[in-house]
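Please open the model in your viewer and keep the selection panel at hand. The stops below say what to select next and what is found there.

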Amino acid sequence: MFADSAYRGNHFRDAVRAKGRIPRIVATGMWGRDEQEALHKLHAWNQPIHRVRGRIEKIFGTWKRCYDLRRMRWRGLAKAAVQVHLTAIAYNLKRTMNILTAQARSLQPL
């Protein structure tokens with residue numbers, strides 16, 4: 001389970017471990033006598049987390065920027081879930097069309 005430093009704490013850690021998973025939370029600082037060693041450990045710890053979160057956060061950024069998901073259109077959890085699901089469907093349809101178009105262009109003879 002990957003998360004940012006807002007989820008650092010016993011409650012989140014215990015909930016993730018109860019499901020049989022390992023919590024991987026971004027570290028923002030480490031103590032140590034050698035600054036270079038601490039920075040190396042920090043980078044080594046955060047690198048796999050940033051790789052996964054980067055792919056996911058890009059999608060959320062696109063939803064916010066292109067699909068007006070900065071605010072919920074309707075009130076209530078159920079209606080907000082509908083808005084998020086419709087946004088996901090629209091994003092996936094557009095992405096599918098872009099992939100199919102790119103494949104069709106690559107198959108055309110020159």
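## A tour by selection

Begin by selecting Trp-63, which is buried, its relative accessible area being 11%. The coordinates on screen belong to a predicted model, and the values given along the way are computed from it.

**The aromatic cluster.** Keep Trp-63 selected and add Phe-60, which is partly exposed with a relative accessible area of 39%. Both residues belong to helix H2, residues 35-66, and because they are three residues apart there, about one helical turn separates them. Next add Tyr-67 and Tyr-91, which form an aromatic pair of the edge-to-face kind, with 6.4 Å from centre to centre and 80 degrees between the planes. This pair links distant parts of the chain, since Tyr-67 lies in the loop between H2 and helix H3 (77-107) while Tyr-91 lies in helix H3, 24 residues apart. Of these two tyrosines, Tyr-67 is partly exposed at a relative accessible area of 23%, whereas Tyr-91 is buried at 16%.

With these four side chains displayed, how many aromatic pairs does a search of the whole structure find? The search finds three. One of them joins Phe-60 and Trp-63, whose ring centres are 5.5 Å apart and whose planes meet at 75 degrees, so this pair is edge-to-face. Phe-60, Trp-63, Tyr-67 and Tyr-91 together form one aromatic cluster.

**A charge over a ring.** Now select Arg-24 and Trp-45, and centre the view on the tryptophan ring. The charged end of Arg-24 sits over that ring, 4.1 Å from the centre of the ring of Trp-45.

**Helix H2, from its buried residues to its end.** Select the whole of H2 and colour the residues by burial. Which residues of H2 are buried? They are Ala-38, Leu-42, Asn-46, Ile-49, Arg-53, Thr-62 and Trp-63. If you then show what surrounds these side chains, you will find that the buried residues of H2 pack against strand E1 (2-3), strand E2 (24-25) and H3. Asn-46, which is one of the buried residues, is also the place where H2 has a kink of about 35 degrees, shortly before the proline Pro-48. Following the backbone past the end of the helix, you come to Asp-68, where phi is positive, near 55 degrees.

**The salt bridges.** Side chains of opposite charge can pair when their charged atoms come close. A search of the whole structure finds three salt bridges, and each can be selected in turn.

- Select Arg-13 and Asp-14, which form a salt bridge whose closest N and O atoms are 3.3 Å apart. Arg-13 is partly exposed, with a relative accessible area of 28%, and Asp-14 also counts as partly exposed, at 41% relative accessibility.
- Select Lys-41 and Glu-37, where the closest N and O atoms of the salt bridge are 3.4 Å apart. These two residues are separated by about one helical turn, because they are four residues apart in helix H2. Lys-41 is partly exposed at a relative accessible area of 46%, and Glu-37 counts as partly exposed at 41%.
- Select Glu-57 and Arg-53, which form a salt bridge with the closest N and O atoms 3.8 Å apart. Both lie in helix H2, four residues apart, which is about one turn of the helix. Glu-57 is partly exposed with a relative accessible area of 41%, while Arg-53 is among the buried residues of H2.

**The whole chain.** Finally, clear the selection and zoom out until the full trace is visible. The secondary structure comes to three helices and two strands, which follow the pattern β-α-β-α-α when read along the sequence. Along its principal axes, the C-alpha trace spans about 60 × 50 × 30 Å. The radius of gyration of the chain is 20 Å, whereas a compact globule of 110 residues would have one near 13 Å. Buried residues make up 18% of the 110 residues in the chain. Among contacts between residues at least 6 apart in sequence, 26% join residues at least 24 apart; for an example of a link between distant parts of the chain, return to Tyr-67 and Tyr-91, which are 24 residues apart.

Note on methods: Residues are numbered from 1 along each chain as its sequence is written. This is a predicted model: local features need pLDDT of at least 70, side-chain atom pairs count only at pLDDT 80 or more; totals for chains, interfaces and linings use all residues. Side-chain values use heavy atoms; hydrogens and water are left out. Rings of Phe, Tyr and Trp (its six-membered ring) pair if their centres lie within 6.5 Å; planes under 30 degrees apart count as stacked, over 60 as edge-to-face and the rest as tilted. Buried means under 20% relative accessible area, exposed over 50%, partly exposed in between (1.4 Å probe, protein chains only). A charge sits over a ring if NZ of Lys or CZ of Arg is within 6 Å of the ring centre and within 35 degrees of the ring normal. A salt bridge is a side-chain nitrogen of Lys or Arg within 4 Å of a carboxyl oxygen of Asp or Glu. The bend at a residue is the angle between axes fitted to the seven residues ending there and the seven starting there. Contact means heavy atoms within 4.5 Å. The radius of gyration is taken over C-alpha atoms; the globule rule is 2.2 Å times the number of residues to the power 0.38.
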